[in-house]
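User: Hi! I have a two-chain model open and would love to talk through how it is put together. Could you walk me through it?

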Amino acid sequence: MVHQYKNNGYNIVLDVNSGSVHVVDDMVYDIIAAYEGHTVEEVVCQFDGKYSKEDVEECYAEITELKEAGQLFTEDIYEPYIDSFADRPTVVKALCLHIAHDCNLGCKYCFADEGEYHGRRAMMSFEVGKKALDFLVANSGSRRNLEVDFFGGEPTMNFEVVKQLVAYGRSLEEANNKKFRFTLTTNGILLNDEIMEFANKEMSNVVLSCDGRKEINDMMRPVRSSGRSSYDIIMPKFKKLAESRNQMNYYIRGTFTHFNLDFSKDVLHFADEGFEQISVEPVVAQPTDDYAIREEDLDTLKEQYDILAAEIVKRKKAGKGFNFFHFMIDLQGGPCVAKRLSGCGSGCEYLAVTPWGDLYPCHQFVGNEDFIMGNVDEGITKPEIRKMFKASNVYTKEKCKNCFARFYCSGGCAANSYNFHGNINDAYDVGCELERKRVECAIMIRAAMADENN
Amino acid sequence: MKHIKTITNRVLKDTMKNGGCGECQTSCQSACKTSCTVGNQSCENKNN
């Protein structure tokens with residue numbers, strides 16, 4: 001399967017099943033589309049009057065050479081392989097700890113119902129967190145790198161427990177031959193020097209929540225108690241933290257909605273404020289929500305991604321680049337095919353833990369009690385839920401079968417699929433449209449930078 | 001080649017041999033919590 005497209009002046013050809021990427025001239029771009037199933041004579045005939053016989057033959061030969069090298073028109077041979085991969089014993093390697101089901105912001109689009117996940121306010125105790133880390137170590141098999149995200153609600157509202165759990169996790173590392181990678185997701189309201197110092201010492205990544213321009217951020221992310229601006233409180237602290245981490249190993253992360261379809265301005269606002277690691281993604285909401293992304297917004301949003309990608313190329317070439325998470329793509333050293341096909345690992349490798357110690361397939365399922373899989377005392381008590389998630393992959397999703405982006409999104413988000421279609425083997429269509437655009441832009445940026453290096 | 005410039009010639013099927021170690025980062029632990037971004041992650045297996 002070949003996907004070809006034009007973006008920012010580049011003719012790009014992606015060979016989907018091998019992952020090879022080529023930039024081609026206009027002639028090859030046309031001929032590739034006519035190549036499969038046709039002899040060189042037939043293709044010469046087809047382009048008679050547009051391209052010379054010699055030119056077509058030369059292009060045809062180059063395409064054939066890549067085909068023979070396994071870099072064009074390759075077959076998808078991975079389905080039997082992924083079946084054998086799914087038979088492996090299940091290990092858990094990542095937990096999302098819901099340290100606090102409470103929040104000091106009142107974000108209007110919060111999937112966690114302003115921190116409470118449609119339940120009651122609660123803080124995770126050290127005891128529950130400790131059992132969660134024990135559960136993780138005991139179920140991680142031979143995996144060395146274990147990931148624990150301190151999530152909420154707002155985890156800094158229960159920061160003493162975060163500190164205790166980090167110390168406890170570190171105490172488990174040597175004896176068990178494990179390495180914990182702790183991460184923190186925070187809205188910044190309670191950030192102070194002590195938390196920053198701790199985060200810089202212990203957190204391999206910090207996610208800082210903010211939506212971009214002041215008016216955009218404050219529209220959706222007001223302070224819960226007063227309804228006042230959160231931007232003015234958090235921005236100076238986020239800047240300080242980003243600098244203190246040498247502009248690495250953090251992301252300033254925002255959400256865009258129907259109310260800021262011009263979100264490229266929010267991304268560039270972050271860049272102009274000095275942030276170098278930026279992640280801004282579309283809100284996921286029910287169609288009845290006024291801020292939800294609608295189908296009629298898609299053209300505008302795709303155009304925004306194009307504007308952003310072209311601007312990133314310009315800035316990178318001028319030595320003033322920044323990373324936009326959703327355009328990051330490692331073409332030469334990205335994930336193996338097993339990872340690409342099996343997806344994010346929710347429900348098997350990755351679980352969420354509530355303040356009470358219940359286990360869910362991921363943070364987005366928390367609150368839907370049909371998805372409680374077990375708890376930190378008894379472990380997995382509903383293996384059938386784990387089995388359902390483990391069996392889900394690119395090949396169990398009809399919509400993914402002919403999609404060029406399937407090895408980049410790996411079948412998409414199970415929670416989004418469930419929320420829109422009632423099962424995890426479907427796909428959230430608006431999200432898919434945007435993901436395909438992001439993959440195209442990401443590859444274009446790599447092509448443009450390769451151009452620069454030559 | 002005169003008409004084609006290859007940006008990456010990595011052949012995904014080659015990763016079937018040594019792939020699947022699972023040491024790479026979980027995508028929702030990085031910088032997204034509402035979309036699936038597996039392709040953004042880097043491989044941690046030097047044999048791949």
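Analyst: Happy to; here are questions and answers on this predicted model.

User: Let's begin with the small chain B. What percentage of its residues is buried?

Analyst: Chain B contains one helix and one strand. Its C-alpha trace spans about 45 × 25 × 15 Å along the principal axes. Of the 48 residues in chain B, the buried share is 54%.

User: Which element gives the largest share of the side of chain B that touches chain A?

Analyst: The contact draws 40 residues from chain B and 69 residues from chain A. On the chain B side, the elements that give two or more residues are strand S1 (4-8) and helix H1 (15-18) of chain B. The largest share is five residues, and it comes from S1(B).

User: And by class, how many residues on that side of chain B are polar?

Analyst: The side of chain B that touches chain A can be split into three classes. Charged residues number six and nonpolar ones 13. The polar count is 21.

User: Which residue of chain A stands opposite B:Ile4?

Analyst: B:Ile4 belongs to S1(B). That strand pairs with strand S3 (residues 20-24) of chain A in the antiparallel sense, over four bridges. The residue opposite B:Ile4 is A:Val24.

User: Which strands are at the edges of the four-strand sheet?

Analyst: This open sheet has antiparallel pairing and runs in the order S1(A)-S2(A)-S3(A)-S1(B). On average, its neighbouring strands are turned by 25 degrees against each other, direction ignored. The strands that pair on one side only are S1 of chain A and S1 of chain B.

User: What angle does helix H1 of chain A make with S1(A)?

Analyst: Six bridges join S1(A) to strand S2 (residues 10-15) of chain A in an antiparallel run, and A:Tyr5 has A:Ile12 as its bridge partner in S2(A). Helix H1 (residues 26-35) of chain A packs on this sheet, touching S1, S2 and S3 of chain A together with S1 of chain B. The angle between the directions of H1(A) and S1(A) is about 145 degrees.

User: Is A:Val2 buried or exposed?

Analyst: A:Val2 is found in strand S1 (residues 2-7) of chain A. Leaving aside neighbours within four places in sequence, its contacts include A:Val13, A:Ile32 and A:Phe73. Because A:Val2 has 20 C-beta neighbours inside 10 Å, it counts as buried.

User: Now the eleven-strand sheet. Why is one side of S12(A) and of S16(A) left without a neighbour?

Analyst: The eleven strands form an open sheet with mixed pairing, in the order S12-S11-S10-S9-S8-S7-S4-S13-S14-S15-S16 (chain A). Strand S12 (323-324) and strand S16 (379-380) each have a single partner strand, so one side of each is left without a neighbour; they stand at the edges.

User: How do those pairings look in detail: which residue is the bridge partner of A:Phe150 in S8(A)?

Analyst: At one end of the order, strand S15 (residues 374-375) of chain A pairs with S16(A) in the antiparallel sense over two bridges. Strand S7 (residues 145-151) and S8(A), by contrast, pair in the parallel sense over six bridges. S8(A), residues 179-186, is mostly covered, with six of its eight residues buried. The bridge partner of A:Phe150 is A:Leu184.

User: Which helix lies across S10, S11 and S12 of chain A?

Analyst: It is a helix spanning residues 264-272. Its direction runs at about 165 degrees to S11(A). The helix is H10 of chain A.

User: Last one: why do the buried residues of H9(A) lie on the same side?

Analyst: Helix H9 (residues 231-244) of chain A has 14 residues and reaches 20 Å from its first C-alpha to its last, close to the 20 Å expected. The buried residues of H9(A) are A:Tyr231, A:Ile234, A:Met235, A:Phe238, A:Leu241 and A:Ala242, whereas A:Asp232, A:Pro236 and A:Glu243 are exposed on the other side. The buried set packs against helix H7 (193-202), strand S9 (203-209), helix H8 (214-220) and strand S10 (250-256) of chain A. These buried residues are on the same side of H9(A) because they cover an arc of only 135 degrees around the axis.

How values were computed
Residues numbered from 1 in each chain as written. Chains lettered and ligands numbered in written order. Predicted model: local features only at pLDDT ≥ 70, side-chain atom pairs only at ≥ 80, totals over all residues. Expected span 1.5 Å × (residues − 1). Buried ≥ 20, exposed ≤ 12 C-beta atoms within 10 Å, placed from the backbone. Arc of directions from axis to C-beta. Contact = placed C-beta atoms within 7 Å. Nonpolar A, V, L, I, M, F, W, Y, C, P; charged D, E, K, R; others polar. Pairing = 2+ DSSP bridges. Axes fitted to C-alpha atoms, helices over the stretch in contact; angles between N-to-C directions.
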